[in-house]
Amino acid sequence: QVELLESGGGTVQAGDSLTLSCVASGRLYSSHVLNWFRQAPGKERQFVSAIRWSDDRRYYADSVKGRFFISKDKGANTVYLQMTNLKPEDSAIYFCARSINIGEGRSWGQGTQVTVSS
């Protein structure tokens, strides 16, 4: 069973950058997709970005395209979400999720809080 642990959240000002990390314990297979989601208070969980474990295909929500960049380190079993030019509307709890599909989560981390002040 793969467990996921996110880190890197914090409180920043608009325009700042943050990089989130998601470390997976247990083996990841080429069929796996690592997704990032976020959920703001009172709102539904929203897909942010994803990367296939087998190759470098990346996917982004329109709201973060050009500002966020997803990457992975296979040796460290870690996926990163580099967030730049952060906006107050990016404030949310960010979750890492493993699946075999884009925009889906079958196992989830506990989340890391990102707060962007204007």
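**Group meeting talk: a walk through an all-strand chain**

Okay, let's start at one residue. Asparagine 35 touches Phe47, Ser49, Ala50, Phe95, Cys96, Ala97, Ser99, Asn101, Ile102, Gly103 and Glu104, and that list leaves out residues up to four places away in sequence. Before I go on, keep in mind that this is a predicted model.

So where does asparagine 35 sit? You'll find asparagine 35 in strand β4, which covers residues 33-39. Is asparagine 35 buried or exposed? Its relative accessible area is 0%, so asparagine 35 counts as buried. And its side chain has a polar partner: it reaches the backbone oxygen of glutamate 104 at 3.0 Å. Glutamate 104, you'll remember, was also on the contact list.

Let's zoom out for a moment. How many helices and strands does the protein chain have? There are 0 helices and 11 strands, so reading along the sequence you just get β-β-β-β-β-β-β-β-β-β-β. The radius of gyration is 13 Å, close to the 13 Å from the globule rule for 118 residues, so the chain is as compact as a globular protein of that length. If you box up the C-alpha atoms along the principal axes, you get roughly 40 × 25 × 20 Å.

A few overall figures while we're out here. Of the 118 residues, 43% are buried. Take the contacts with a separation of 6 or more, and 53% of them are between residues 24 or more positions apart. The chain exposes about 6,100 Å², with carbon and sulfur atoms supplying 45% of that.

Now, the inside. In soluble globular proteins, nonpolar side chains tend to be buried together. Here the largest nonpolar core has 28 residues, and the ones touching the most other members are Leu34, Trp36, Phe68, Leu81, Met83 and Tyr94. Which elements give two or more residues to this core? They are β3 (18-25), β4, β5 (46-52), β7 (68-73), β8 (78-83), β9 (92-99) and β11 (112-117). The largest share, 4 residues, comes from β3.

Pick tyrosine 94 out of that group. Setting aside neighbours within four places in sequence, tyrosine 94 is in contact with Glu6, Leu20, Trp36, Phe37, Arg38, Val48, Phe68, Leu81, Met83, Gly111, Thr112 and Val114. Trp36, Phe68, Leu81 and Met83 on that list were also named among the core residues with the most partners.

Next up, the disulfide. A search of the whole structure turns up 1, joining cysteine 22 to cysteine 96 with the sulfurs 2.0 Å apart. Cysteine 22 is in strand β3 and cysteine 96 in strand β9, so to speak two distant parts of the chain, 74 residues apart. The torsion about the S-S bond is about -75 degrees, so this disulfide is left-handed. Both cysteines are buried, and cysteine 96 is also one of the residues that asparagine 35 touches.

Last stop: lysine 72, in strand β7. Why does lysine 72 count as buried? Buried means under 20% relative accessible area, and lysine 72 comes in at 19%, so it makes the cut. Its side chain reaches the backbone oxygen of arginine 52 at 3.3 Å, and makes a polar contact with the side chain of aspartate 56 at 3.0 Å. Beyond its neighbours within four places in sequence, lysine 72 is in contact with Ile51, Arg52, Trp53, Asp55, Asp56, Thr78 and Val79.

That's my tour, thanks.

Methods. Residues are numbered from 1 along each chain as its sequence is written. This is a predicted model: local features need pLDDT of at least 70, side-chain atom pairs count only at pLDDT 80 or more; totals for chains, interfaces and linings use all residues. Side-chain values use heavy atoms; hydrogens and water are left out. Buried means under 20% relative accessible area, exposed over 50%, partly exposed in between (1.4 Å probe, protein chains only). A polar contact is a pair of N or O atoms within 3.5 Å; within protein, one must be able to donate a hydrogen and the other to accept it, and residues adjacent in sequence count only if both atoms are side-chain atoms. Contact means heavy atoms within 4.5 Å. A nonpolar core is a set of buried Ala, Val, Leu, Ile, Met, Phe, Trp, Tyr and Cys residues joined through side-chain atoms within 4.5 Å. A disulfide is a pair of cysteine sulfur atoms within 2.5 Å. The radius of gyration is taken over C-alpha atoms; the globule rule is 2.2 Å times the number of residues to the power 0.38. Accessible areas come from the Shrake-Rupley method with a 1.4 Å probe; for residues, only the protein chains shown count as cover.
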